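Please explain how this chain is put together, beginning with one cysteine and moving outward to the sheet and its surroundings.

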Amino acid sequence: MQIYIGSDHGGYEMKGSLKEHLVAGGHDVTDLGCFSMDSVDYPDIAREVCEKVSENPGARGVLVCGTGIGMQIAANKIPGIRATVATDEHMAEMSRRHNDANVVTLGGRTCEIEMAKKIVDKFMTTDFENEERHVRRVGKIG
């Protein structure tokens, strides 16, 4: 699976660990920044990742900031993106199954790395339940 990953300075360390984990799992991962602990504006990184996800059907995105909240808000401004903060595996699973989320956001300062790995694994391996009610609801999002 093609995965685009990005973070701000608050998620930089977690992003590196998740990138290694996803590559080891056989995914094609493209890192779109940031590339140091220097302060950056998370909306810029969210836009970069989400534009790539939107351009590539079937691709998914992973965004990490301090809490995951800022990245989620910024990501959901990009047409075609359905981003979710996930703090556990159940949230990741349900966001895929019922909402066809294509970007997961995480908190580098609020989530332990082992849990973050479980969250992204669940997000990447869960399919959308292509049932009429879910399709209809996702369609209303735009």
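Does Cys65 count as buried or exposed, judged by its relative accessibility? In this predicted model, Cys65 has a relative accessibility of 5%, and because residues under 20% are classed as buried, Cys65 falls into the buried class. The sulfur of Cys65 has its closest cysteine sulfur in Cys34, at 11 Å, which is too far for a bond. Cys111 is likewise in no disulfide, since the nearest cysteine sulfur to it, that of Cys65, lies 12 Å away. Cys111 is also buried, with a relative accessibility of 14%. With a disulfide taken as a pair of cysteine sulfur atoms within 2.5 Å, the count for the structure comes to 0.

Cys65 belongs to strand E3, whose residues point in two directions: Arg60, Val62 and Val64 face one way, while Gly61, Leu63 and Cys65 face the other way, and all of them are buried. E3 is largely enclosed by the rest of the structure, because 6 of its 6 residues are buried.

The setting of E3 becomes clearer when the whole sheet is traced. This is an open sheet of 5 strands, paired in parallel, and the order across it is E2-E1-E3-E5-E4. The edges are formed by strand E2, residues 28-31, and strand E4, residues 83-85; each has a single partner strand, so one side of each is left without a neighbour in the sheet. On average, neighbouring strands are turned by 20° against each other when direction is ignored.

E3 can now be followed to its partners. On one side, strand E1 (residues 2-7) and strand E3 (residues 60-65) pair in the parallel sense over 5 bridges. Within E3, Gly61 stands opposite Tyr4, and Val64 stands opposite Ser7. E3 also pairs with E5, again in the parallel sense and over 5 bridges, and here Cys65 has Gly107 of E5 as its bridge partner.

From E1, the sheet can be followed towards its edge at E2. E1 is mostly covered, with 5 of its 6 residues buried, and 4 bridges join E1 to E2, the two strands running parallel. One of the pairs in this region is formed by Ile3 and its bridge partner in E2, Val29. To pass from E1 to E2, the chain goes through helix H1, residues 12-24, and the resulting β-α-β crossover is right-handed.

The loop between E1 and H1 holds His9. His9 is partly exposed, with a relative accessible area of 22%, a value that falls outside the buried class because that class is limited to areas under 20%. The side chain of His9 reaches the backbone nitrogen of Val40 at 3.2 Å. Leaving aside residues up to four places away in sequence, His9 touches Cys34, Met37, Asp38, Ser39, Val40 and Arg109. By contrast, the C-alpha atoms of His9 and Ala92, which are 83 residues apart along the chain, are separated by 23 Å.

What, then, does helix H4, residues 89-99, contribute to this picture? One of its residues is Arg96, which is buried, with a relative accessible area of 4%. A polar atom of the Arg96 side chain lies 2.7 Å from the backbone oxygen of Ala101. With residues up to four places away in sequence not counted, Arg96 touches Arg60, Ala101, Phe123, Thr126, Asp127, Phe128 and Glu129. Among these contacts, Arg60 leads back to the sheet, as Arg60 is one of the buried residues of E3.

Key: Residues numbered from 1 in each chain as written. Predicted model: local features only at pLDDT ≥ 70, side-chain atom pairs only at ≥ 80, totals over all residues. Heavy atoms only, no water. Pairing = 2+ DSSP bridges. Axes fitted to C-alpha atoms, helices over the stretch in contact; angles between N-to-C directions. Buried < 20%, exposed > 50% of the residue type's maximum accessible area, 1.4 Å probe, protein only. Polar contact = N/O pair within 3.5 Å; in protein donor to acceptor, adjacent residues only side chain to side chain. Contact = heavy atoms within 4.5 Å. Right-handed = clockwise from strand over helix to strand, strands pointing away.
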